[in-house]
Amino acid sequence: MDFSQLKTALEENAALKQEVSELTETNNRLMSQQFELERLRQLYELDQNYLQYEKVAARVIANDTGDWFQVFRINKGSADGIEVGNNVMAGGGLVGIVTDTGANYATVRSIIDDSSRVSAMAMQSGDTCLVGGDLTLYKEGRLRISNIKKNADVKEGDRIVTSNISSAFLPGILIGYATDITVDSNQLTSSGYLIPVAEFDSLQEVLIITQVKQTGDTTGE
């Protein structure tokens, strides 16, 4: 191969590498757009499931250090009608509650945070329970359910939603599914676990319900 042929081969190789790089970049961009469209589709479906509530969409812009979004910040605030006590949803249901606002941001405490308590009930039977946040337990993908009356009809796979008697959360928002319900040692109550419908390791967009429970309590329950 003479010099001119070598030069041509090198130029063709460089052009091919550039083409591969551009195709890879285009493919990555298309995949990113596809993932975003899927997230927005899920957000739209969630919005349609709760048409009784007015909502504002927001992006998650920061979270506390760690693997989970137990406390995080969104890019909407009081200027957008967000206020302390607003309930927050993502994925298939409840994520948490707004605890602080600025003009253009708000802070959300999620239901997996150790301090979180949510008064809930089994949708099928109406029996009440309490969903408690537990970061250690959430490493197994679940939270604890307690305060179930011994004779209550809460079964494996029952849909657990926010209850009418909650002081901080609006009623009927799906939290997750009951599992491993057993009678407590006191023989008076039962407890078990809940598999949350929201995923707290990859929150990117959320819906904020702009209505606030009348008590305005953000401490939970």
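**From one loop into the barrel and its core**

Glutamine 187 sits in the loop that separates β10 from β11, the latter spanning residues 189-196. The model is a predicted one, and this loop residue offers a convenient place to enter it. Most residues other than glycine have a negative phi. In glutamine 187, however, phi is positive, near 65 degrees, and the residue is not a glycine. With a relative accessibility of 45%, glutamine 187 counts as partly exposed, because that class covers values between the 20% limit for buried and the 50% limit for exposed residues.

A second residue with this feature is found in the strand before the loop. Aspartate 180 belongs to strand β10, which covers residues 174-183. Its phi is about 55 degrees, a positive value although aspartate 180 is not a glycine. Aspartate 180 has a relative accessible area of 39% and is therefore partly exposed.

It is useful at this point to view the chain as a whole. It contains 2 helices and 12 strands. Read from the N terminus, the order of these elements is α-β-β-β-β-β-β-β-α-β-β-β-β-β. Of the 221 residues in the chain, 40% are buried. The accessible surface amounts to about 11900 Å², and carbon and sulfur atoms account for 49% of that area. When contacts between residues at least 6 apart in sequence are considered, 60% of them join residues at least 24 apart.

Both β10 and β11 take part in a closed barrel of 6 strands, whose order is β6-β7-β8-β11-β10-β9 and whose pairing is antiparallel. On average, neighbouring strands of this sheet are turned by 40 degrees against each other, with direction ignored. One pairing within the barrel can be followed in detail. Strand β7 (residues 128-132) and strand β8 (residues 143-149) run antiparallel and are joined by 3 bridges. Glycine 132 has arginine 144 in β8 as its bridge partner.

Which residues does glycine 176, a member of strand β10, contact beyond its neighbours within four places in sequence? They are Asp158, Arg159, Ile160, Leu194, Ile195, Pro196 and Val197. Arginine 159 lies 17 residues from glycine 176 in sequence, yet the two C-alpha atoms are 6.0 Å apart in space. Glycine 176 is counted as buried because its relative accessibility is 0%, which is under the 20% limit.

Isoleucine 175 leads to the nonpolar interior. Residues up to four places away in sequence aside, isoleucine 175 touches a set that includes Leu94, Ile111, Val118, Ala120, Val131, Ile160 and Leu194. The largest nonpolar core has 51 residues, and the members that touch the most others are Phe72, Ile74, Ile160, Ile175 and Val206. In soluble globular proteins, nonpolar side chains tend to be buried together.

Is a polar residue such as asparagine 87 buried or exposed? Asparagine 87 is buried, because its relative accessibility is 0%. This residue is part of strand β3, which covers residues 87-90. The side chain of asparagine 87 reaches the backbone oxygen of alanine 168 at a distance of 3.1 Å. Beyond its neighbours within four places in sequence, asparagine 87 has contacts with residues from several stretches of the chain, among them Leu94, Ile97, Ala168, Phe169, Ile173, Leu207 and Ile209.

How values were computed:
Residues are numbered from 1 along each chain as its sequence is written. This is a predicted model: local features need pLDDT of at least 70, side-chain atom pairs count only at pLDDT 80 or more; totals for chains, interfaces and linings use all residues. Side-chain values use heavy atoms; hydrogens and water are left out. Helices (H or I, at least four residues) and strands (E, at least two) are DSSP runs, numbered from the N terminus. Buried means under 20% relative accessible area, exposed over 50%, partly exposed in between (1.4 Å probe, protein chains only). A polar contact is a pair of N or O atoms within 3.5 Å; within protein, one must be able to donate a hydrogen and the other to accept it, and residues adjacent in sequence count only if both atoms are side-chain atoms. Contact means heavy atoms within 4.5 Å. A nonpolar core is a set of buried Ala, Val, Leu, Ile, Met, Phe, Trp, Tyr and Cys residues joined through side-chain atoms within 4.5 Å. Two strands pair if DSSP finds at least two bridges between them. Axes are lines fitted to C-alpha atoms, for helices over the stretch in contact, and angles run from 0 to 180 degrees between N-to-C directions. Accessible areas come from the Shrake-Rupley method with a 1.4 Å probe; for residues, only the protein chains shown count as cover.
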